Amino acid sequence: AATLAGRTPPHAATSLTGLAMDVAFFVHMQLGTITNTSHSLWAQLFYCLRCGDASAALQTIRNAPRSDQNDIDPAIVQLISALADLGGDSLFSQTQTFANPLNRQDVADLYHRTKMRGSTGNNNGNDTSLSFQLACLSLLSLEEPLTTAAPYVVNTIEDYLFGALWVAVQSSTDCAQQVAKLGQLIQHWGPAHFEGEESTSSGGWAYAMPCLISQQYASALRHLAESSSLLQATHLAIAMDRGATGALLRE
């Protein structure tokens with residue numbers, strides 16, 4: 001993929017497999033110059049976690065140059081290794097075992113120290129390396145939401161939803177309640193916040209998709225039907241009614 005885009009594949013990607021290799025190519029294409037430094041390792045770790053694949057994150061660390069590995073605190077390696085053992089390549093499939101690992105507090109302390117150094121250093125809040133490092137530490141420690149810890153990496157509604165769902169799934173609080181709160185926020189913001197001025201440009205999906213993700217199924221279908229997508233709303237409703245969400249639709 002990187003070769004087809006007219007770029008030289010990163011050397012580190014040649015020793016990786018699966019998602020870890022795909023992420024290395026993606027970071028190389030998207031972030032360019034930082035891929036020649038250890039800073040790209042933080043970006044790769046973030047996107048591996050973004051995909052819910054702790055095994056890929058661990059593979060990325062273990063295949064990095066020794067000098068780059070030295071930049072990763074042992075507590076981070078231990079926690080990612082524990083996540084790989086528990087959730088492997090699907091961190092969103094388990095909801096209980098990640099809540100209180102013994103070394104999560106070490107990562108939390110590291111997050112606050114790193115954040116303090118960033119706030120007192122000579123950066124303007126857009127330091128790519130620091131942002132990805134804080135993003136990784138935020139996800140692993142659950143100390144602060146991703147939007148607070150590293151706003152630089154939250155560029156789309158999908159990024160925001162990922163951060164919210166990560167906290168809902170991985171924290172010790174009730175996952176259903178967290179998702180319900182997210183759904184309430186989506187509805188509070190309303191269609192105009194997601195659709196923009198061209199309310200019909202997405203056919204209603206710009207608002208329907210966040211509703212579906214936050215389990216606001218009726219709101220999603222209603223908005224699609226009212227946005228010149230009645231046929232799609234009908235087909236989606238039939239499929240959902242025959243699936244696991246059918247009972248929720250009928251409530």
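Biologist: Let's start with helix 9: how far apart are its end C-alpha atoms, and what span should its 14 residues give?

Modeller: Keep in mind that this is a predicted model. The expected span is 1.5 Å times one less than the number of residues. For the 14 residues of helix 9 that should come to 20 Å, and the end C-alpha atoms agree with it, sitting at a separation of 20 Å.

Biologist: Which residues of helix 9 are buried?

Modeller: The cut-off to use here is under 20% relative accessible area. In helix 9 the residues that pass are D159, L161, F162, G163, W166, A168, V169 and Q170.

Biologist: Zooming out, how many helices and strands does the chain have, and what percentage of its residues is buried?

Modeller: The chain has 15 helices and zero strands. Its length is 251 residues. The buried share of those is 45%.

Biologist: Which helix gives the largest share of the largest nonpolar core?

Modeller: That core holds 45 residues, and F46, I76, L140, L146 and V153 touch the most other members. Elements giving it two or more residues include helix 1 (18-31), helix 5 (74-86), helix 7 (128-141) and helix 9 (157-170). With eight residues, the largest share comes from helix 7.

Biologist: And how many residues are in the second core?

Modeller: The second core is separate from the largest one, and L182, L212, Y217 and L224 are among its members. Its count is 14 residues.

Biologist: Are helix 13 and helix 14 roughly parallel or roughly antiparallel?

Modeller: Helix 13 covers residues 217-226 and helix 14 covers residues 230-242; their axes are 7 Å apart, at an angle of about 155°. Angles over 145 degrees count as roughly antiparallel. So the verdict for helix 13 against helix 14 is roughly antiparallel.

Biologist: Which residues of helix 14 meet helix 13?

Modeller: On the helix 13 side, the residues involved are Y217, L221, L224 and A225. Their partners in helix 14 are L230, A233, L236, A237 and M240.

Biologist: What about W205: is it buried, partly exposed or exposed?

Modeller: W205 belongs to helix 12 (residues 205-213). Buried means under 20% and exposed means over 50%. W205 has 26% relative accessibility, so it counts as partly exposed.

Biologist: Which residues does W205 touch, once those up to four places away in sequence are not counted?

Modeller: For a sense of the surroundings, L221 is 16 residues from W205 in sequence, and their C-alpha atoms are 9.8 Å apart. The residues that W205 touches are E195, P210, L212, L224, Q232 and L236.

Biologist: Where does L142 sit, and what is its phi?

Modeller: L142 is in the loop between helix 7 and helix 8. It isn't a glycine, yet its phi is positive, at about 60°.

Biologist: In the loop between helix 12 and helix 13, is Q216 buried or exposed?

Modeller: Q215 and Q216 both belong to this loop. Q215 has a positive phi near 65° and is partly exposed, with a relative accessible area of 46%. For Q216 the relative accessible area is 18%, and the cut-off is under 20%, so Q216 is buried.

Biologist: Which residues contact Q216, leaving aside its neighbours within four places in sequence?

Modeller: Q216 is found in the loop between helix 12 and helix 13. Its contacts beyond those neighbours are G183, Q187 and C211.

Methods
Residues are numbered from 1 along each chain as its sequence is written. This is a predicted model: local features need pLDDT of at least 70, side-chain atom pairs count only at pLDDT 80 or more; totals for chains, interfaces and linings use all residues. Side-chain values use heavy atoms; hydrogens and water are left out. A nonpolar core is a set of buried Ala, Val, Leu, Ile, Met, Phe, Trp, Tyr and Cys residues joined through side-chain atoms within 4.5 Å. Buried means under 20% relative accessible area, exposed over 50%, partly exposed in between (1.4 Å probe, protein chains only). Helices (H or I, at least four residues) and strands (E, at least two) are DSSP runs, numbered from the N terminus. Axes are lines fitted to C-alpha atoms, for helices over the stretch in contact, and angles run from 0 to 180 degrees between N-to-C directions. Angles under 35 degrees count as roughly parallel, over 145 as roughly antiparallel, 65 to 115 as roughly perpendicular and the rest as oblique. Contact means heavy atoms within 4.5 Å.
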